[in-house]
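Biologist: Could you take me through one helix pair in this model up close, and then show me what sits around it? Please spell out your cut-offs as you go.

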Amino acid sequence: MKRARLIYNPSSGREEMRRLLPDVLHRLDRAGIETSCFATEGEGDATREAGEAVERGYDIIIAAGGDGTLNEVVNGMADRENLPPLGVFPLGTTNDFARAMGISKRWEEYCDLVIENKTRYIDIGRVNGRHFVNIAGGGSLTELTYEVPSRLKTRIGQLAYYMKGIEKVASLSPTELVIKADGQPQMHGEFMLFLIANSNSVGGFEKLAPGAVIDDGLFDVIAVKKCNLGEFLRLLTLALRGEHFNDPHVVYFKTNRMEVTSPASLVQLNLDGELGGELPGVFEMLPRHMRIFA
């Protein structure tokens, strides 16, 4: 028998995992995977539990929830040795990582993927001692995802982000940044935001960083220079179609390491949709650092 530890957020996906648990456990157990569960109650629970699961020698760890739950589990695992493969049940509001990896939302299909032991290596990002699997960023609107109350996301799903975005868009303002990236000239100026993508699905936008690949050892970096509200809204429209790269306000490049500082103001970081500390930050790529079932 293999041993699996399933770490789930009971409030994700309108509390879907609570209903699915008996069927998931039965399907895995019938295939020879003895699975125990841990339900998170607050911030940091999934990180602590994932770290303990690695130390206790579980053969499989499964994260069930949204991108925030996945980020916590990855942070509990990433610094340890002899990592088991990671499973991902996408039950959150956006599920950027699962969408990028083509992971099915049908729980039966994903259980079978785990049972058949189909895995692949993925890159992981690191900044200031914390890890991210899908996206890092800072500046206007990047704080939107972690400011939306979890109860509101549970009740109305993706609409909660749109409501918060409408509320914040009128107060957009640029931030002074210094960006130093390997292979690029130093940039110093005012930017609306910067995004460091590890996959091609960012905030529900699948064409924002279409060239990003989860195992190529490189970040896809997008920075938006200072612009007015009308220009910013036009850029969002272009981004929906993947036509934003030729706009003069957009800086785009690939790198495996970059440093971002802000001389003038406090800039909070967004890591996989969660608050991830503040600038300054040194963003480093850890190529093919983990295995996931996909």
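Modeller: Here is the close look, starting with the ground rules and then moving outward from the pair.

This is a predicted model, where local features need pLDDT of at least 70 and side-chain atom pairs count only at pLDDT 80 or more, while totals for chains, interfaces and linings use all residues. Numbering starts from 1 along each chain as its sequence is written, and side-chain values use heavy atoms, with hydrogens and water left out.

The overall frame comes to nine helices and 15 strands; helices here are DSSP runs of H or I with at least four residues, strands are E runs of at least two, and both are numbered from the N terminus. Of the protein's 294 residues, 53% are buried, where buried is under 20% relative accessible area, exposed is over 50% and partly exposed is in between (1.4 Å probe, protein chains only). Among contacts with a separation of 6 or more, 74% link residues 24 or more positions apart; contact means heavy atoms within 4.5 Å.

Now the pair itself, H2 and H3. Helix H2 covers residues 45-55, and its buried residues are Asp45, Ala46, Glu49, Ala50, Gly51, Ala53 and Val54. Those residues pack against strands S1 (2-8), S2 (33-39) and S3 (60-65), plus helix H3 (67-77). Just past the end of H2, Gly57 has a positive phi of about 80°.

H3 is mostly covered, with eleven of its eleven residues buried. That list includes some polar names, among them Asp67, Asn71, Glu72 and Asn75.

How do the two helices meet? They pack at an angle of about 40° with axes 7 Å apart; the axes are lines fitted to C-alpha atoms, for helices over the stretch in contact, and angles run from 0 to 180 degrees between N-to-C directions. That makes H2 oblique to H3, because angles under 35 degrees count as roughly parallel, over 145 as roughly antiparallel, 65 to 115 as roughly perpendicular, and the rest as oblique. H2 passes H3 in a right-handed crossing, meaning the near helix is turned clockwise from the far one by less than a right angle, whereas anticlockwise would be left-handed. The contact is made by Asp45, Ala46, Thr47, Ala50, Gly51 and Val54 on the H2 side, and by Thr69, Glu72, Val73, Asn75, Gly76 and Met77 on the H3 side.

Two of those H3 residues turn up again in the core. In the largest nonpolar core, which has 47 residues, Val73 and Met77 are among the members that touch the most others, along with Val24, Leu86, Phe89, Phe97 and Ile122. A nonpolar core is a set of buried Ala, Val, Leu, Ile, Met, Phe, Trp, Tyr and Cys residues joined through side-chain atoms within 4.5 Å. There is also a second, separate core of 23 residues, including Val127, Phe194, Ala223 and Phe283. In soluble globular proteins, nonpolar side chains tend to be buried together.

Phe89 is a handy bridge to the next helix pair. Leaving aside neighbours within four places in sequence, Phe89 contacts Val24, Ile62, Ala63, Ala64, Gly65, Trp107, Tyr110 and Cys111. Val24, Trp107 and Cys111 show up again where H1 meets H5. Helix H1 (residues 16-30) and helix H5 (residues 107-115) pack at about 30°, with axes 10 Å apart. That makes H1 roughly parallel to H5, and H1 passes H5 in a right-handed crossing too.

Finally, the loops on the H3 side. Asn82 sits in the loop between H3 and S4, and has a positive phi of about 55° although it is not a glycine. With a relative accessible area of 75%, Asn82 is exposed. One loop further on, between strand S4 (86-90) and helix H4 (96-101), comes Asn95. Asn95 counts as buried, at 8% relative accessibility. Beyond residues up to four places away in sequence, Asn95 touches Gly65, Gly66, Asp67, Pro90 and Lys105, and Asp67 is one of the buried residues of H3.
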